[in-house]
Every structure is written in structure tokens, then in C-alpha cells.
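Let's take a walk through a protein model together. Have a look at the structure below, and then we'll talk through its confidence and its aromatic rings.

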Amino acid sequence: MKHQAIIKLALCTASALLLGGSIARAQDQTVRLGYCNGDKIGTALRPQGEEGASNELSAAIKIPKETLAKYVGDTIYQISYANDTKVGAFMTVFIKTDLESRSGGIVQTMTDHKAGWNNVTLKTPYPIKADKDIYIGYTAYPNASEINDAEILSTEYYHGGTPGMNWYGLNGQWWVLKTEMVDYDFCIRAYARGKNMPTNDIGIDRVTNYDMVRQNKETSLNLQISNYGVDIVNSFVVEVQKNGETFASKTVNNVGLNPNEMTRVEIPDMVFPQEGNNYFDVHVSQVNGADDSDPTDNTKGSYVYCVPQDATTYPRTVLMEEFTSTVNGESLVADSVYDLAVAKRSDVVWLKHHQKNDEFQLASEAPYDWFFENYNSFTPALMLDRNIFEISEWRGPAYFVKYNEQLDVMLESSAQMPSFAKVDVGATVDNDGKNVNATVDIESQVREMPRQTSLRLTVVAVEDSVALKDGSGKENGIIRKYLTDIWGDETDITNKAAQKSYSFTVDPKWNIEHMRIVAFLNNYDTTNPLNCPVFNTGEKRLAGLTAIHNIADQQVEKSSLKLEGNHLIAGGGYQVAGVYDMAGRQVSENNLGKGIYLVKLSNGKDTQTVKFNIR
């Protein structure tokens with residue numbers, strides 16, 4: 001199932017008698033309740049039931065009591081739904097206030113169901129009240145062979161899934177359809193009739209706009225509105241408010257929206273004057289020059305991040321966090337797959353969170369299970385800047401990624417996201433090589449980050465090329481120590497800069513020459529794991545930084561190191577223990593190209609690092 005997030009609510013008239021632009025009040029009005037836009041059927045979904053067995057598959061829409069309040073005293077007399085395929089010997093439709101209950105409400109069985117739209121007249125009409133939400137839906141009963149093939153729960157053709165209003169069921173259990181994953185509403189409608197439709201009544205169903213705009217630069221909003229009233233809507237006034245204060249007002253004319261139909265309207269020339277995060281409300285104040293009859297659905301919130309006019313972006317380094325285990329064969333295979341994607345890039349920092357009683361597991365990382373849906377951890381899994389991707393059934397930001405081609409797309413998508421801060425990491429090592437001092441400098445073009453709740457700086461010490469206990473290989477990206485809290489230290493960039501200092505003692509079991517300091521600027525939202533993105537990352541390798549490796553203090557005779565056939569040979573009792581480029585990356589000592597290298601030499605007692613220039 002594919003998932004996206006858009007908001008929509010549709011109420012459409014089935015029949016109306018127009019007299020001078022108004023519906024005759026002497027007659028009952030017929031109202032359609034639901035979210036499905038149009039009659040065309042789109043994708044069908046199938047919850048994963050037990051193959052080879054009979055299952056109950058259900059779909060339902062929720063009609064909130066706030067909407068029902070418009071029609072108290074009217075009655076629901078018909079339920080309509082669409083199935084792409086006819087399955088089972090019978091179907092049931094229902095109206096309930098409790099989805100989990102097997103009793104109560106209205107349940108009606110039909111045996112003449114068909115593929116496409118089914119219109120079921122209720123034997124007992126359902127009186128509308130406003131004290132509880134109601135659920136309207138259907139249940140299919142496919143046989144053991146049909147369950148393997150039939151995708152039964154049909155959705156609309158036009159995208160625009162309504163958050164929290166679509167539910168799917170399997171054998172009596174129910175789950176809400178996530179709008180961040182499925183961008184469609186179920187093909188379910190209910191029809192009501194009575195005399196309680198309001199006069200001038202607009203509801204805002206959805207507000208769409210760019211998530212990021214330039215300060216004081218014109219942009220546009222798009223509204224999806226529904227006419228819940230008796231009269232045709234020809235004009236309305238919309239106000240844009242922040243913290244209850246109106247900063248823009250527009251009159252929209254020539255709308256021509258018939259009773260209970262929906263339309264989309266563009267509001268051009270909008271300007272956001274305030275830098276940073278703008279959580280704002282769009283509010284309809286008047287309809288056809290008069291007050292709206294029901295203002296309860298006249299306001300919808302939205303969000304935009306306003307970038308200062310002179311702000312520029314920095315190159316982004318993508319943080320790739322892997323949840324892994326060295327005792328999990330799939331994780332070992334996954335690393336070889338991920339290598340294919342990462343090796344092609346120079347803008348990725350890769351580190352690993354080890355799980356499941358792994359020899360490298362850190363107990364302090366247990367709270368990171370929060371990144372997994374329902375706290376169920378799985379390996380291997382990846383987070384890229386803790387971003388959200390519409391790639392699978394996983395909620396995120398941790399995803400199971402099967403193919404390096406898929407990771408290619410995800411990495412490129414993350415790398416293209418604008419970054420308004422950079423993270424520079426520096427490090428020194430004490431004379432004895434046992435203590436590391438790190439500094440992190442943050443430079444920013446903005447005073448707050450997008451959707452910032454608590455800005456944090458997270459710093460970790462990482463070791464590469466660590467031999468596994470069983471001798472089966474080596475592991476890279478091992479987090480040895482958090483220099484900050486695991487969620488990071490609170491960081492203030494209101495002055496567009498920040499600096500932090502850290503220090504730690506190197507465990508004798510660690511190889512400092514294979515270590516690096518990784519720092520990343522991230523958000524921490526205590527209530528939402530989907531709002532913890534990483535804004536940028538920096539790292540510093542410690543190879544060659546120890547005082548006993550200090551180049552300025554070491555003098556090695558030319559005869560101690562020479563190049564023979566692009567192969568470095570050490571003399572004077574020394575051996576080449578490692579070769580690094582000027583960025584601190586370890587390279588092979590064979591087939592070296594032109595350039596300056598840092599060469600680590602050891603005679604078994606003393607170790608020193610020298611510069612070696614290949615011309």
C-alpha cells in the first residue's frame with residue numbers, strides 16, 4: 001500500500017429543487033455523507049489475512065459528530081459502496097458507533113452484490129444524532145481461494161486521503177488507514193434526508209501550500225471547500241491568521257459552487273512576513289456577503305517555513321544510520337548491498353546501532369526503539385537523516401531497504417534537501433593518545449530550523465575496521481560512545497552560530513587510528529518520531545592526530561621510506577602501518593597516485609606519521 005497525506009471531506013447533494021438559487025425548504029433535502037470524490041474506482045487494497053483460509057475484510061469511513069450536528073433529526077436511508085471485484089456469497093453493510101463491537105448499530109446483509117457500485121437501501125433508517133461519531137462501512141467474506149487473489153477494499157480514483165477517517169478491518173480487528181501512506185479515501189457513501197440543511201455554509205476541507213517559501217515573496221494557497229448550505233456559493237471571504245491575528249484577507253468571487261458540491265480555489269499573492277516556522281489558520285468569515293451559518297468547520301490549519309530573503313544553503317552530508325546485528329545474516333548481506341550505493345558518494349556518513357544482544361550493542365540506545373512502529377525493532381533497517389519516505393508499509397523513519405537501487409534514490413532525495421546550517425568538527429589528542437578533545441562549530445543562515453521543537457546537537461565517537469570476536473570479518477561504523485545525550489544536547493542558533501566542546505577517554509580496546517567523531521544537528525520532538533530530522537552532519541577522523549604521530553616533531557630519514565613501483569617501502573626497521581590521504585581517509589599503500597599522503601610507520605615500539613609527496 002502506498003501512503004501520502006492530503007485532507008478532504010465531501011458532502012454532495014443527490015437531488016435538489018432550486019428556486020431562485022435556494023432549495024425549497026418544504027421538501028426533504030438529500031445529502032451525501034462521505035469522502036470519496038467522484039464515481040470512478042481507483043486502487044483496491046487487501047489486508048494480509050491468512051492465505052488459504054476464509055477471512056472477513058472490512059472497510060469503513062468515520063463521520064465525526066461535528067459534521068452530524070448539521071443534520072440532527074434527519075435520517076440515513078442508504079449506504080453505497082464500490083468493490084472492484086465481487087467476492088463471497090454475501091456482503092454486509094453497517095452503521096456503528098463502535099467498530100470493535102460485534103453488536104449494536106445497524107447491520108444489513110445482501111446477497112445480490114456485484115462488482116462496481118452497490119446501493120443498499122436500509123430496512124431501518126438510522127436517525128442522525130450529534131452525541132457520537134459514527135462509522136459507515138461494509139464487510140466482505142471471500143472464500144479460501146478468493147482471499148489469495150482479490151483486492152477487495154476499493155479506493156477512489158482521485159487522490160486526497162482524509163486523515164483519521166478511513167478504517168480497514170481484518171477478522172474483527174481494525175486499523176486506521178494512514179494518510180502518509182495511502183492518499184485515497186474508500187469508496188463508501190451514506191445518503192441522508194431531512195429538512196435541516198443550513199443556508200450559507202462553507203466548510204474548508206483542505207489547505208495546500210508550499211512547505212517552504214521565501215520571506216515577503218508572493219506565493220499561493222489552494223483551498224478545497226465544500227458547500228454544505230442551501231444556496232449556491234458565489235463568493236466568500238478568506239482570512240489568513242497567525243496566533244489569532246489576521247495578516248492577509250482575500251475576497252473570492254465567481255465561485256458558482258452548487259449545494260453540497262466541492263471545488264478547489266487558488267488564493268494567489270500571499271505573503272508571509274515572519275521568518276521561520278509559521279503555523280497559521282485559514283478562516284472563511286463570510287459567504288455570499290453574510291455570516292456563515294455554521295462556523296465550526298470554517299477554519300483549517302496549515303504550515304509554512306519562511307526562509308530569510310538573503311539566506312543561502314550549505315552542502316548537505318547525509319547521515320545514514322543502520323540498525324544492525326552482527327549475528328543476523330541478513331544484516332551482513334545488507335551491508336554488502338548498501339556498500340554498492342554508498343561507495344559512489346562522498347556525502348554520506350554511515351554509522352550503526354547494534355541490536356539484539358550483539359557484542360557491540362549499547363544499552364543507552366534502547367530508547368531508539370521509538371523510531372520503529374509500535375516499538376517493534378527489526379534488522380537490518382536504515383534511517384537517512386531520519387527522513388520520511390513513501391516506500392513501504394513501514395511508518396518510518398526506520399525502513400527495511402532491500403536493494404541498492406532503492407537506496408540510491410533515497411540517498412539522492414535526502415542529499416537534495418536544502419540545508420541552512422553546516423556542522424564542522426575538529427579534534428585533538430593528548431600526548432599519551434588516551435584522551436580526545438572535540439569541538440563542533442555550527443554556522444547557520446537561519447535562526448530556527450523547519451518544524452523545530454527542540455534543536456539538538458548529537459555527537460558520537462565511532463570506530464571502523466573492528467575485528468569480530470568469531471574472526472569472521474570486520475565491522476565498520478560502530479558507535480563506541482555518545483559524547484552527548486542520545487537525543488543530543490540542546491543547541492541555540494538564534495545568533496546563527498553555536499559552538500560546543502567535548503572530551504572523552506579512549507578505551508584501551510579501541511584503535512584510535514580507526515576512529516572518527518561524528519556530529520549532527522537534529523530536531524527532537526518528544527511526541528513524534530516522524531519529526532526528528534537531521535539537518536546536517538560533520539565528521540573528523542582521528543588518524544594521525546595523536547602526539548606521538550605529530551609530524552612536526554618527527555624526522556625520518558629519506559631512506560626510511562621510499563616508493564618502488566607505486567608501492568611504499570619502509571626501511572630502518574620500520575613497516576608501513578597505514579596510509580591516509582589529506583582528508584584523513586585510509587587508502588591502500590599500493591598503486592598510489594600523485595599527491596601528498598600521511599604515512600604511519602611502526603618499528604614495534606615507536607610509531608610515527610610522516611608526510612610523503614608523490615610527484
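**How sure is the model, and where do the rings meet?**

This is a predicted model, so start with the confidence: the protein chain has an average pLDDT of 85, and 88% of the residues reach at least 70. Two stretches do much worse. Residues 1–26 stay under 50, though the model gives them 111 contacts beyond four places in sequence. Residues 547–559 are also below 50, with 23 contacts beyond near neighbours in sequence. Where pLDDT is low, the predicted coordinates should not be read in detail.

Now for the rings. The count of aromatic pairs comes to 20. Take Tyr-279 and Tyr-303: their centres are 4.8 Å apart and their planes make an angle of 45°, which makes the pair tilted. Tyr-279 belongs to strand β22 (residues 276–287) and Tyr-303 to strand β24 (residues 299–307), so this pair ties together parts 24 residues apart in sequence. Are these two buried or exposed? Tyr-279 is partly exposed, at 45% relative accessible area, while Tyr-303 is buried, at 6%.

Another tilted pair is Tyr-368 with Phe-371, at 5.4 Å centre to centre and 55° between the planes. Tyr-368 is buried, with 1% relative accessibility, and Phe-371 is buried at 1% too. Both rings belong to one aromatic cluster, together with Trp-370, Tyr-482, Trp-487 and Tyr-524.

Finally, look for charges over rings. Lys-40 has its charged end over the ring of Tyr-157, 3.9 Å from the ring's centre. The charged end of Lys-96 sits over the ring of Phe-94, 5.3 Å from its centre.

Notes
Residues are numbered from 1 along each chain as its sequence is written. This is a predicted model: local features need pLDDT of at least 70, side-chain atom pairs count only at pLDDT 80 or more; totals for chains, interfaces and linings use all residues. Side-chain values use heavy atoms; hydrogens and water are left out. pLDDT is the predictor's confidence in each residue, from 0 to 100. Contact means heavy atoms within 4.5 Å. Rings of Phe, Tyr and Trp (its six-membered ring) pair if their centres lie within 6.5 Å; planes under 30 degrees apart count as stacked, over 60 as edge-to-face and the rest as tilted. Helices (H or I, at least four residues) and strands (E, at least two) are DSSP runs, numbered from the N terminus. Buried means under 20% relative accessible area, exposed over 50%, partly exposed in between (1.4 Å probe, protein chains only). A charge sits over a ring if NZ of Lys or CZ of Arg is within 6 Å of the ring centre and within 35 degrees of the ring normal.
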